[in-house]
Amino acid sequence: MSETVTPLAARPAWKALAAHAEAIKPLQLRQLFKDDPARGTRLTAEAVGLFLDYSKNRVTDETLKLLLELAEQSGLKQHIEAMFTGQKINTTENRAVLHVALRAPKSESIKVDGEDVVPAVHEVLDKMSAFSDKVRSGNWLGYTGKPIRNIVNIGIGGSDLGPVMAYEALRHYSKREFTFRFVSNVDGTDFAEAVRDLDPEETLFLVASKTFTTLETMTNAHSAREWTLAKLKQTEAIANHFVALSTNTELVAKFGIDTANMFGFWDWVGGRYSMDSAIGLSTMIAIGPDNFRKMLAGFHAMDVHFRTTPFAQNLPVLLGLLTVWYTDFFDAQTVAILPYEQYLKRFPAYLQQLTMESNGKHVTLSGEHVQTETGPIYWGEPGTNGQHSFYQLIHQGTRLIPCDFIGFAKSLNPLGRHHDMLMANVFAQAEALAFGKTAEEVKAEGVPDALGPHKVFEGNRPSNVILAQKLTPELLGSLIALYEHSVFTQGTIWSIDSFDQWGVELGKVLATKILGEIEASVEPASTHDTSTTNLIKRYRSTK
């Protein structure tokens, strides 16, 4: 988008929010609920199978009004349309941002540079479906004639975090006769442990690298090639045991992969937004093409909600605005993602890349230094594990940590009282954070005066509760898109580019240079600082 955006601190709503924040900081959630008995039912929103209770946030009606005005003054509606219509909103790379096209129905038309990209998306999806069916049915054979039983995805970043999260999240729906492994770390242990108990004759590797040059991925891919050939001997075997999620036909062919088994995607798909593209081939093999398309339908349902729903009832907009509120006016440096669903154990890790690589930026779209904090740290663990780990700090520590609790009405594995106990903890933790326990209440329980201060819970700690019926492929798609669009909302408010990632480049460049120095036959002249030089020397002498 080319129009000039008013600097954040100069927007009237921002100025009003700054004054308003100071005025309401002393307010307690206890008092807000007492003054408004309907608050717990009023401050809620619901769409596409997700129910959001945001009543336990330190906000008033005036807060919400000002936040919604900020969204309007930041041009959020126009930016949403720019994304959905294929404008090149990733300005530093001059690219469109169209992960929404990956889940668009065939009937839709989304154009980039005048070309409708939806037919190409469905062409790849159809190709993925045919391949997945062949592997799942046992008709895809290894070089020695054995059917494939093991799938190993080799990628890094978005080419790993999305697939491994989706596999774990939808394991209930996966084909259990197959073993799925995911290799990303260039640490040799990651690959060695992933294949230790596998048979090369029954193993298929999916190499996920758009350029087929990603250093960590290709290092692991070549190790996988050597591991395969150590048993199968013939280089022709590679075509039976490797496929590529890539666009580099020349390098894919040079590796030994049949380019007919190369699944492409486009430069308007960012890595951390790519799990519903060809990068999701491992997910499709695991859960089947029908379930994969249901997941895409869930993504699309949230896309439509985000694009068409008024901001006051718009789930991603509300989540994004609340994150801006705490980050910039309450000095909250982190957000805790707390799924009370074991299948979502990798969801917080997935959101770390989605949120922190997107909004960890220190300059605006115009290249000026930001005037406010951006990009809080996202982290978390599934409940109830975290309760016996870090909840102590959330409840009684000195830092304000907004929390998102995610729960489901129905368990995919009903077992006695387990699920009722699990959900009781969701509601109890949100209640305890909001309302705490006063010194008077502690004293009334007969706690000795000396111990009293240790048992006081200050409360007034904000949280959202997100509830759904049960974890299905469709629901997972909607949940991921909820956070994708929340990230977009935040980035629009801060006037940053949420879709580039220049911050990962410098370390990669230096690592390549240092690798050459480590592997040199003679000790090279150093161009580094004394610390780095000394560390390289020490490693060379001891490795």
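This passage describes the nonpolar cores, several helix contacts and some local backbone features of a predicted model. Residues are numbered from 1 along each chain as its sequence is written, and side-chain values use heavy atoms, with hydrogens and water left out. Because the model is predicted, local features need pLDDT of at least 70 and side-chain atom pairs count only at pLDDT 80 or more, whereas totals for chains, interfaces and linings use all residues.

The largest nonpolar core (a set of buried Ala, Val, Leu, Ile, Met, Phe, Trp, Tyr and Cys residues joined through side-chain atoms within 4.5 Å) has 122 residues, and those with the most contacts inside this core are Trp 268, Trp 325, Phe 347 and Tyr 483. Here a residue is called buried under 20% relative accessible area, exposed over 50% and partly exposed in between, with a 1.4 Å probe and protein chains only. Helix 20 (residues 473-494) contributes the largest share of this core, 11 residues; helices (H or I, at least four residues) and strands (E, at least two) are DSSP runs, numbered from the N terminus. A second, separate core holds 21 residues, including Ile 154, Val 183, Ala 194 and Met 262.

Two of the residues named for the largest core can be followed through their contacts, where contact means heavy atoms within 4.5 Å. Phe 347 lies in helix 15 and, at 0% relative accessibility, counts as buried. When neighbours within four places in sequence are left aside, Phe 347 is in contact with Met 165, Ile 337, Ile 406, Leu 479, Ile 480 and Tyr 483. The C-alpha atoms of Phe 347 and Asn 534, which stand 187 residues apart along the chain, are separated by 39 Å. Tyr 483, with residues up to four places away in sequence not counted, touches Leu 319, Ile 337, Phe 347, Leu 351, Leu 354, Asp 404, Ile 406 and Ile 466.

Leu 52, placed in strand 2 (residues 50-53), is likewise buried, with a relative accessible area of 2%. Residues up to four places away in sequence again not being counted, Leu 52 touches Leu 43, Thr 44, Ala 45, Leu 315, Leu 318, Leu 319, Asn 464, Val 465 and Ile 466.

Helix 14 takes part in two crossings, for which axes are lines fitted to C-alpha atoms, for helices over the stretch in contact, and angles run from 0 to 180 degrees between N-to-C directions. The axes of helix 13 (residues 289-308) and helix 14 (residues 315-329) come within 8 Å and cross at roughly 70°, and the two helices are therefore roughly perpendicular to each other; angles of 65 to 115 degrees count as roughly perpendicular, those under 35 as roughly parallel, those over 145 as roughly antiparallel and the rest as oblique. In this contact, Met 302, His 305 and Phe 306 of helix 13 meet Leu 315, Pro 316 and Val 317 of helix 14. The axes of helix 1 (residues 12-24) and helix 14 come within 11 Å and also cross at roughly 70°, so that helix 1 and helix 14 are roughly perpendicular to each other. Helix 1 supplies Trp 14, Leu 17, Ala 18, His 20, Ala 21 and Ile 24 to the contact, and helix 14 supplies Val 324, Trp 325, Asp 328 and Phe 329.

Helix 7 (residues 158-169) has 12 residues and reaches 16 Å from its first C-alpha to its last, close to the 16 Å expected at 1.5 Å a residue, the expected span being 1.5 Å times one less than the number of residues. Helix 7 is mostly covered, since 12 of its 12 residues are buried, and these pack against strand 5 (150-154), strand 6 (179-183), strand 7 (203-208), helix 12 (281-287), helix 15 (347-359) and helix 20. In helix 5, the buried residues are Leu 76, His 79, Ile 80, Ala 82, Met 83 and Phe 84, and what covers them includes helix 4 (61-73), helix 13, helix 14 and helix 20. Helix 5 is followed by Gly 86, whose phi is positive, near 80°.

Some backbone features lie in loops. A cis peptide bond, with omega of about 10°, joins Gly 383 and Thr 384, and Thr 384 lies in the loop between strand 11 (377-379) and helix 16 (391-396). Asn 94, a residue other than glycine, has a positive phi near 55°; Asn 94 lies in the loop between helix 5 (76-84) and strand 3 (111-112) and is exposed, with a relative accessible area of 51%. Ser 495 has a positive phi of about 60° although it is not a glycine, and its place is in the loop between helix 20 and helix 21 (505-519), where, at 14% relative accessibility, Ser 495 counts as buried.
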